[in-house]
Amino acid sequence: MEAQTTPPSQDRKNENANWKSGMDWDRMDKRKFFGYGAGLFGTVALGLFPLSVLKTRMMVSRERYGLRDTATLARTIIREEGLQGLYKGMGTIVAGKIPARFIYLGALEAFKSMGAKAVGAGWLSDAVAAGAINFGAGGASSLLTQCVFVPVEVISQRQMIDKSTRNRPNGLRVAQTVWKSEGLRGLYRGFGASVATFVPNSAIWWGSYGAYQQLVWKYVFPQEHSIRSVGDIPKDEQRQRSSLVKVQAMSGIMAGCTAAFCTNPLDVVKTRLQVSPLDDRGKKPLARKVLAGVLQDSGVRGLYKGVVPRMMSMSLWGTCMVSVYELIKRMSTIPEPVLHETDN
């Protein structure tokens, strides 16, 4: 009697790749992965949407906002525009984020899987290897996503800064206005700035998340550092479930704060580029002129307008996202095939 099994060397190779990337993309049920991902991530995005409105209002304003002004601005919007003022542009984001999320999640897992196989095992520390793989996968997947998301963001941000309480423009009306005045290029205004913002933002987030996760396991939960897979729970150690959630939450919060702080200046310039009107000659503003204007008005502090709600949003989003993300991966993983014995 002989069991049909994978050669031991191949088992070890696959195990190392799965541990570095967190999951084997080839063993993923793509329909479940995309379906669960779009629904659950869309729900999380809706819950954190008001922070995006606050961040955008702060970034485009010429007023000086301090660290404690986030709550004040929120109360002002509710008083003058009603609670719905914190949800302007939400419909546009929902409609646009679903296809963008399909692209992002699929590309992220595919790139992580390829990165794990390329890096291999043994010559890099756990934290460095996880950070490098996630950094590359996060940046590459974000680059692909921007092709879909930039027009959505251009439209939604114009809705966010509109302070009218009646006849609020819907996403379609804003898109038609932009198309008539600027054409397709108007819907992709700030594309370069978006790529320059979101690609490093995603790369830094995922890279730091992968590194922080390994470091938290090592220094905060050293007795459980022998866990072999970032995303999986060992069958004989169900007690580690609570520790895994804590590690994901701590890593997500730190990664969100790190990425938000590092890339906030880029986001300020990008946001102003996307919402600024055309000049007298019908030309869009240049990034360097927008940057110079921010520095002239507010100095270096102007580049960190909106950093508090942005850090809050990215930290909360990160904590929720990684918990949902790891859950989706476990729910979507195709079980290992049962080995059948065959006669010689």
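Tutor: A crossing is left-handed if the near helix is turned anticlockwise from the far one by less than a right angle, and right-handed if clockwise. This is a predicted model, where local features need pLDDT of at least 70, side-chain atom pairs count only at pLDDT 80 or more, and totals for chains, interfaces and linings use all residues. Residues are numbered from 1 along each chain as its sequence is written, and side-chain values use heavy atoms, with hydrogens and water left out.

Student: Which crossing does helix 2 make as it passes helix 5?

Tutor: A right-handed one. Helices here are DSSP runs (H or I, at least four residues), numbered from the N terminus.

Student: Where do the partners lie, and at what angle do their axes cross?

Tutor: Axes are lines fitted to C-alpha atoms over the stretch in contact, with angles running from 0 to 180 degrees between N-to-C directions. Helix 2 spans residues 30-47 and helix 5 residues 90-119; their axes come within 9 Å and cross at roughly 135°. The two are therefore oblique to each other (under 35 degrees is roughly parallel, over 145 roughly antiparallel, 65 to 115 roughly perpendicular, the rest oblique).

Student: Which residues make the contact?

Tutor: Contact means heavy atoms within 4.5 Å. Helix 2 contributes residues including Phe33, Phe34 and Phe41, while helix 5 offers Ile98, Phe102 and Leu105 among them.

Student: How do the contact residues divide by class?

Tutor: Ala, Val, Leu, Ile, Met, Phe, Trp, Tyr, Cys and Pro count as nonpolar, Asp, Glu, Lys and Arg as charged, and the others, Gly among them, as polar. The contact has eleven nonpolar, three polar and three charged residues.
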